[in-house]
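Welcome! Have a look at the sequence and the fold shown here, and then let us walk through the structure together, one part at a time.

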Amino acid sequence: PPDLPEMPPAPPPTYAPTFDNAPNYGGYTEPPIERGAQPTQVSAQAARGPQPPEGYTDHQPPLSASTAQYFLPAAITAQQALRLWEQRTSYSAAGFSGARLAYRPVLLAQVGVRFQDRKTNQYTVREYAYRVPEVQRAGIVHWEDFEATPIDTRGILSGPAGDDAFFGELSGGITDSKRLTALRRELTDMIYSTKRVVIPYNPTLKIYGDIEGDYSRFQSNVVQAAREARDKAVDALAEKTQNEIDKLDDRRSRVVQRLDAERKELEDRRREELYTTGEAVLGLLRGRTSYTLSRMSRSRVYSEQSRGAIAGHELEIRQLDDELAKVERDFEQNVREINEQWAQVATEVEDHVVSPYKKDITADLFGIGWIPQWYVSIGGQHVLLPAYDSPAAR
């Protein structure tokens, strides 16, 4: 058996724990020892070596050469397994003895799937692993219940680590070649029907995420593109608004020029009216009334016309000023709407789903997987502890 680091001595407890609530990860546990028994005392049977756990044998089951077998390495040492056991149970592992590997058989399947998306010209490879503990000769296997962490195939062993390991009994279906062939097809069909890779997609900006990248990078690209599109829209709006303002300013300038001309003409009319009035008074004194009064009448008419034109020009200028103010208000409102529009666009995300082709699904591992466990005695009680990974990772 593997050498274990010497553990520090501990005083014997007043009674040995019964481990009634202690998990054994599906392993075999002997009946609890009696209270008051000394856990460090080793029986004659223990001296001869531990007996296999229930459902295990001390020899590897014979299998045909066509049956693939995979022995997983003991990634957790016996000492580490004991420490984990102590943490989980709050019991002390003082007084343990022996540590032998006990291999638990499962149907081990590991599939490599290539996802290729022609639309984005991206591809990736994903691995899916399954460990089915009991394979019956018939019935449905709910693969989703047995999905596990993929295995690094470089660490798989061709045989058990050591000559004194125990081996779990094989279920009927796991040694049936026809059953395994059918299950292999079922697994391929299940992968084809259920496994997908999702790429984030912004439909307005036509931006796809990276099939292997993180979401934050996609989001950053979308925000940058939305900002650039917003700036372009604001620039176009500003150019259009400036053209409108230039036209209104030009119209206003022409009206102001006409207003100034009318005001100057009105001033001239007033001077002429004053002169004509004076001349008319003089003419009346001299007896030329008809001609003088006619000129006075025309001067007044022209003055009234100038006043009317001035009022019209002033009204038009006020209207043009109102139009200019409205154009400026509309510009500010449109800029706010553009900002809101592109801020909303930046939050748009859809799922671009990539499905595999059946030809791109490859079973890298499919056969009997031997999962290592440590078979140890703690306080005279035999327990199976995980040697490959924790129960949550299985």
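## A sheet of three strands

An open sheet is built from three strands in the order β8-β7-β9, with antiparallel pairing. At its edges sit β8 (207-208) and β9 (350-354), each of which pairs on one side only. Strand β7 covers residues 197-202, and two bridges join it to β8 in the antiparallel sense. If you would like a spot to find on screen, look for Y201, which stands opposite Y208 in β8. As background, strands of a sheet pair through backbone hydrogen bonds, either parallel or antiparallel.

## The model as a whole

Please keep in mind that this is a predicted model. The average pLDDT of the protein is 81, and 76% of the residues score at least 70. Residues 1-48 have a pLDDT below 50, although in the model this stretch has 68 contacts beyond near neighbours in sequence.

How many helices and strands does the protein have? The secondary structure comes to five helices and eleven strands. The protein has 394 residues, and 36% of them count as buried. It exposes about 23200 Å², with carbon and sulfur atoms supplying 49% of that area. Contacts can also be sorted by how far apart the partners are in sequence: of those with a separation of 6 or more, 78% are between residues 24 or more positions apart.

## Strand β3 and its partner

Now turn to β3 and β4, which run antiparallel and are joined by eleven bridges. Here Q116 stands opposite Y123 in β4. The two strands form a hairpin with four residues between them, and N121 takes a positive phi near 60 degrees there. Strand β4 also has two bridges to β5 (residues 147-148), again in the antiparallel sense. In that pairing, A129 stands opposite A148 in β5.

One residue of β3 deserves a closer look. Q110 lies in this strand, which spans residues 96-117. Is Q110 buried or exposed? Q110 counts as buried because its relative accessibility is 0%. Its side chain reaches the backbone nitrogen of I151 at 2.7 Å. Beyond its neighbours within four places in sequence, Q110 is in contact with several residues, including E127, Y128 and A129, as well as P150, T153 and D364.

## Two loop residues with a positive phi

Most residues other than glycine have a negative phi, and most peptide bonds are trans. With that in mind, which residue in the loop between α2 (78-89) and β3 can you pick out? That loop holds S90, which has a positive phi of about 65 degrees although it is not a glycine. N121, in the loop between β3 and β4 (122-132), has a positive phi of about 60 degrees and is not a glycine either. S90 counts as exposed because its relative accessibility is 68%, and N121 counts as exposed because its value is 71%.

Just before S90 in the numbering comes T89, which is found in helix α2. T89 is buried, because its relative accessible area is 12% and the cut-off for buried is under 20%. The side chain of T89 reaches the backbone oxygen of W85 at 2.8 Å.

Here are the relative accessibilities of these residues side by side.

| Residue | Relative accessibility | Class |
|---|---|---|
| Q110 | 0% | buried |
| T89 | 12% | buried |
| S90 | 68% | exposed |
| N121 | 71% | exposed |

## The nonpolar cores

In soluble globular proteins, nonpolar side chains tend to be buried together. In this model, the largest nonpolar core has 44 residues, and those touching the most other members are L107, W143, L187, I191, F366, W374 and L385. Which elements give two or more residues to this core? They are α2, β3, β4, α3 (177-194), β7, β10 (361-378) and β11 (381-386). The largest share comes from β3, with nine residues. There is also a second, separate core of twelve residues, and among them are I207, I338, W342 and A346.

As you turn the structure, you can follow β3 from one topic to the next: β3 is joined to β4 by eleven bridges, β3 holds the buried Q110, and β3 gives the largest share of the largest core.

Conventions:
Residues numbered from 1 in each chain as written. Predicted model: local features only at pLDDT ≥ 70, side-chain atom pairs only at ≥ 80, totals over all residues. Heavy atoms only, no water. Buried < 20%, exposed > 50% of the residue type's maximum accessible area, 1.4 Å probe, protein only. Contact = heavy atoms within 4.5 Å. Areas by Shrake-Rupley, 256 points an atom, 1.4 Å probe, with all protein chains shown as cover. pLDDT = per-residue confidence, 0-100. Polar contact = N/O pair within 3.5 Å; in protein donor to acceptor, adjacent residues only side chain to side chain. Pairing = 2+ DSSP bridges. Core = buried A, V, L, I, M, F, W, Y, C linked by side-chain atoms within 4.5 Å.
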